[in-house]
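Open the model in your viewer and keep the sequence panel visible. The stops below say what to select and what is there.

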Amino acid sequence: MQYTSPTLQFHEDGYEVQDPRIKPARGYGLNRCHPGGAGAGAERADLPTELDVLIIGEGPAGMTTAAQLSAFPDLNVRLVEKRPSMLLVGQADGIQARSVETFQAFGFGSRIVEESYRITEMAFWKPDPTNPKNIIRTAVAPDDPAEISEFPHIIINQARVMQYFGDFMRNGPSKLVPDYGIEYVSHKVDESHDYPVEVTLRRDGKEFTVRTKYLVGADGARSQIRRDIGAMRLGQQALHAWGVMDTLSVSDFPDLRTKCAIQSSAGSILLIPREGGQLTRLYVDLGDQDETDAGEVRKTNIKQIIQYANNILHPYKLDVKDVAWHSVYEVGHRVTDRFDDVPADQVGKRDPRVFILGDACHTHSAKAGQGMNVSIQDGFNIAWKLGHVLMGLAPPSLLATYTGERQVIAQNLIDFDMQWSSMMAAKPEDFESPTELEDFYVRTAEFPAGFMTEYKPGLLTGSTEHQALAKGYPVGKRFKSTLVSRRSDGNPVHLGHTALADGKYRIYVFADPPKAGQPSKVADLGRWLQEDPASPIQGRQHWFDVKVIYQQRHNDFELLDTPDVFRPAYGKFGVRQYDRIFGVHPQVDIFEERGLSREGVVVVVRPDQYVAQVLPLTATKELAEYFAGVMPLRRPNGAA
């Protein structure tokens with residue numbers, strides 16, 4: 001199934017021809033709307049002395065955090081980066097399907113796919129049994145053989161991803177832009193202060209301080225914030241080195257534009273074509289390293305890397321015409337013992353104030369293409385939680401779930417990467433089976449695609465007591481999309497693609513058999529959600545996206561027969577939303593596709609797209625109890 005782009009909504013406050021992706025400024029965004037537009041010179045503006053959130057580092061984790069928090073314009077958020085300007089060339093390039101799914105929520109999934117290289121298969125090359133000095137193609141494996149996602153696996157430069165996140169922030173109501181040329185120095189926490197975290201920063205050689213309620217450290221593998229909070233890195237070096245280079249080359253190697261795992265008697269190469277049709281990245285095996293060599297391998301120059309590559313590719317030749325970027329690195333697998341500033345003996349006794357994300361808390365090889373992808377999910381995880389706590393929707397204890405959820409995922413990644421990178425570095429004769437590498441690649445496809453994450457039961461993730469009602473939506477895993485038909489216009493829509501990065505909880509109501517307008521459990525639930533004081537959406541409809549999916553085709557029931565809660569009023573004129581009511585798609589019945597009970601079921605999904613709860617349509621008490629735990633505090637109707 002192909003992914004579909006969600007329909008943009010605008011004109012609710014009046015007709016005006018404009019780019020609908022550029023939102024009117026609200027909240028702190030009003031302070032950033034000066035002549036020239038948001039971002040014109042804003043990078044040199046003075047930082048406020050008091051902030052809600054200060055983010056250190058413009059990498060994938062930091063930018064995702066900032067982008068998600070930019071959807072909360074009433075929060076004073078800033079991101080600082082020590083570089084003097086935006087990133088132009090990034091080291092990461094592999095974008096897994098889960099990340100593209102996330103980009104869709106931020107509104108640029110389809111656009112970034114258009115300019116990316118799309119991976120659909122992987123070729124495996126090994127020594128020719130009749131002449132082991134030469135390599136031959138031995139297998140070609142599909143990239144997603146089980147069709148675990150409608151989203152593609154793509155390749156694009158990290159810098160371009162950062163630009164897309166930057167556009168989302170700049171165009172959103174908060175008009176957030178990074179502040180460049182500012183370096184983190186240190187911080188200290190004083191809980192007696194309204195803004196407990198005092199942060200010392202440096203700009204143009206001069207130090208200054210700001211205060212913030214929360215500090216987010218996305219400051220890379222050499223993170224000073226990690227050191228300052230006393231987090232310990234656990235793991236080891238693999239003592240194996242690789243050279244990596246992005247090249248424009250002329251070659252007689254026939255798979256230069258196909259992702260390849262190449263194993264020869266001279267070493268290994270992971271070849272990844274890049275966007276644009278010509279650029280190719282090669283991870284070139286430089287061999288095992290002596291732990292006493294004091295990093296001597298890092299002095300390997302580009303000519304030597306190219307020679308290694310040609311030795312491995314024999315009998316084919318690689319004539320490198322231009323090198324866009326290159327580096328040498330030694331594989332390391334490390335994860336910190338915690339991802340926030342609360343030591344083990346203080347857990348449950350105080351709430352965290354400082355968080356570390358991305359490379360600051362987990363490092364690994366580039367072979368599985370997970371660094372940027374997992375970092376993006378770190379940012380997506382912590383950002384909406386900070387937003388809900390700061391907006392007074394959730395208790396500060398919610399923030400402790402960040403370490404609890406993401407540290408396990410990081411350790412799983414380290415374990416997977418150790419196996420995959422060691423297999424890539426192994427010699428062909430080391431394998432028990434000649435197809436072991438490609439078999440592993442196909443067998444584990446769901447993990448590197450980003451879909452093996454499964455959060456355990458806790459504050460945010462409910463029990464699996466009613467899992468049988470929605471077998472295709474496992475509690476704790478991401479909400480997997482399927483096509484439905486929108487009732488208002490008959491258009492086919494991927495249900496999951498309608499979920500935006502707006503900080504809202506999703507309540508998907510899969511109806512029982514009766515049609516809309518007839519007595520049914522879904523009609524009763526709709527009235528309860530709309531009218532009962534115990535309903536979680538009462539007084540805070542702005543933070544919920546409630547949708548209904550009927551078992552009938554879209555033209556077998558009437559739009560206006562559905563409960564009002566699925567057609568909420570919005571905008572200054574109180575116009576109705578008609579895009580939250582669906583019937584089954586004529587070719588894909590979502591009830592069959594996702595194993596949904598014909599008696600109906602409620603699926604609650606977190607703002608970061610993970611299934612939080614599965615309940616019967618009649619379980620209003622349990623639904624209220626779940627939200628009493630994660631959103632016990634109420635905001636006025638429509639508050640943002």
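Which residues of β13 lie on one side and which on the other, and are they buried or exposed? Select Lys259, Ala261 and Gln263 for one face, then Cys260, Ile262 and Ser264 for the other: all are buried, so both faces of β13 are covered (buried means under 20% relative accessible area, exposed over 50%, partly exposed in between, with a 1.4 Å probe and protein chains only). In a regular strand, side chains alternate between the two faces of the sheet.

This is a predicted model, in which local features need pLDDT of at least 70 and side-chain atom pairs count only at pLDDT 80 or more, while totals for chains, interfaces and linings use all residues. Residues are numbered from 1 along each chain as its sequence is written, and side-chain values use heavy atoms, leaving out hydrogens and water.

Now select the whole of β13, residues 259-264. Strands are DSSP runs of E with at least two residues, numbered from the N terminus; two of them pair if DSSP finds at least two bridges between them.

Next, add β5 (residues 121-128), which pairs with β13 in the parallel sense over four bridges. Tryptophan 125 stands opposite isoleucine 262 of β13.

Then add β14 (residues 267-273), joined to β13 by five bridges in the antiparallel sense. Cysteine 260 has leucine 271 in β14 as its bridge partner. β13 and β14 form a hairpin, with two residues between them.

Last, move to an open sheet of three antiparallel strands, in the order β3-β7-β4. Its edge strands, β3 (94-95) and β4 (117-119), each pair on one side only. Between β3 and β7 (residues 153-155) there are two bridges; isoleucine 95 is partnered with isoleucine 154 in β7.
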